[in-house]
Amino acid sequence: MPPESTGLRNILGDPRLGEESTTVEMWELVAREHIRDTLARYHWSGDAGRIDDLAETFCADGVLEIRGVEPLRGRSEIVAFLGGVTGNITVSADVKPIVRHNVANVLFKEVTPDQAQVLCYFTVVTHIGLDHFGRYRDTLVPDGDTWLIKHRKVSTDWAAPNSAMARRAPDN
């Protein structure tokens, strides 16, 4: 089946084998790539300690909700909180501090022209090695030619006893 001008065939199944296939519209493919770019800019900025740039991946009134912490509302609260976290790494490290977030299994639960629900896993490596890992649950909205985080819920599932960044996950 040739691609149509309004969308591309997504090979999730083969109708000849009784499997369903779906069509993804071009606007959605573009939106997904913009969202992936926003996620990458968030992590690259944070890992480099450029917290103001990280905050720019949020809507002006965006919310960062970290399990066990009062939700941070707006870019200034996000910058103030995360600036303290990155400052602690520099102070506590006996070696050059390093932070590397790795995001995996980005799952687009829902994508409409007005909003996207995106889930993914993260692992964080610091100068101690594996520092912590968990999950993000994001709501993103379009803003001009990009998509911004409206709400990010962070759930840390595990943290090393000597984590440079994370609070210990509650035992449950």
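These are my notebook entries on a predicted model of a protein.

**Entry 1: overall layout**

I began with the whole chain. The protein has 3 helices and 8 strands. I read the order of the elements from the N terminus as β-β-α-α-β-β-α-β-β-β-β. Next I looked up how much of the chain is covered: of the 172 residues, 37% count as buried. The accessible surface comes to about 10200 Å². Carbon and sulfur atoms hold 53% of that surface. For contacts with a separation of 6 or more, I noted that 47% join residues 24 or more positions apart.

**Entry 2: helix α1**

I turned to helix α1, which covers residues 26–47. How far apart are its end C-alpha atoms? They are 32 Å apart. At 1.5 Å a residue, the 22 residues should span 32 Å, so the two values agree. I then listed the buried residues of α1: E28, A31, I35, T38, L39, Y42, H43, S45, G46 and D47. An α-helix has 3.6 residues a turn, so residues three or four places apart point the same way.

One pair in this helix got a note of its own. The side chains of E28 and R32 meet in a salt bridge, with 2.8 Å from N to O. The two residues are 4 apart in α1, which means that about one helical turn separates them. E28 counts as buried because its relative accessibility is 14%, and the limit is under 20%. R32 is partly exposed, at 22% relative accessible area.

Just after α1 I found G49, which takes a positive phi of about 80°. R50 follows in my notes, since its side chain meets that of D53 in a salt bridge at 3.0 Å, N to O. Both partners are partly exposed: R50 has a relative accessible area of 40%, and D53 has 39%.

**Entry 3: a positive phi in β5**

I looked for a residue other than glycine with a positive phi and noted N105, at about 55°. Most residues other than glycine have a negative phi. Where does N105 lie? N105 is in strand β5, residues 99–111. Is N105 buried or exposed? N105 is exposed, with a relative accessible area of 55%.

**Entry 4: T126 and its surroundings**

T126 is found in strand β6, which runs over residues 116–126. I checked its cover: T126 is buried, with a relative accessible area of 3%. Which side chain makes a polar contact with that of T126? The partner is D131, at 2.9 Å. Leaving out residues up to four places away in sequence, T126 touches I98, V99, D131, A164 and M165.

**Entry 5: salt bridges between strands**

I counted 9 salt bridges in the model. Side chains of opposite charge can pair when their charged atoms come close. One of the bridges joins R152 and D138, whose closest N and O atoms are 2.7 Å apart. R152 lies in strand β8 (residues 146–159) and D138 in strand β7, so the pair ties together parts that are 14 residues apart in sequence. Both R152 and D138 are buried. I also noted a network: R67, R135 and D157 are joined into one by salt bridges that share partners.

**Entry 6: S155 in β8**

Strand β8 also holds S155. S155 is buried, with a relative accessible area of 2%. Its side chain makes a polar contact with the side chain of R137, at 3.2 Å. I listed what S155 touches, not counting residues up to four places away in sequence: R67, F122, F133, G134, R135 and R137. Two of these names, R67 and R135, come from the network in the previous entry.

**Entry 7: a nonpolar patch**

F133, which S155 touches, led me to the surface. F133 lies in strand β7, residues 129–143. F133 is partly exposed, with a relative accessible area of 31%. Which residues form a nonpolar patch on the surface? They are V125, L130, F133 and W158. Together these four have about 310 Å² of accessible area. So F133 appears twice in my notes, as a contact of buried S155 and as part of the surface patch.

Notes
Residues are numbered from 1 along each chain as its sequence is written. This is a predicted model: local features need pLDDT of at least 70, side-chain atom pairs count only at pLDDT 80 or more; totals for chains, interfaces and linings use all residues. Side-chain values use heavy atoms; hydrogens and water are left out. The expected span of a helix is 1.5 Å times one less than its number of residues. Buried means under 20% relative accessible area, exposed over 50%, partly exposed in between (1.4 Å probe, protein chains only). Patches are made of residues with over 30% relative accessible area and no salt bridge: like charges are joined within 9 Å, nonpolar side chains (Val, Leu, Ile, Met, Phe, Trp, Tyr) within 5 Å. Accessible areas come from the Shrake-Rupley method with a 1.4 Å probe; for residues, only the protein chains shown count as cover. A polar contact is a pair of N or O atoms within 3.5 Å; within protein, one must be able to donate a hydrogen and the other to accept it, and residues adjacent in sequence count only if both atoms are side-chain atoms. Contact means heavy atoms within 4.5 Å.
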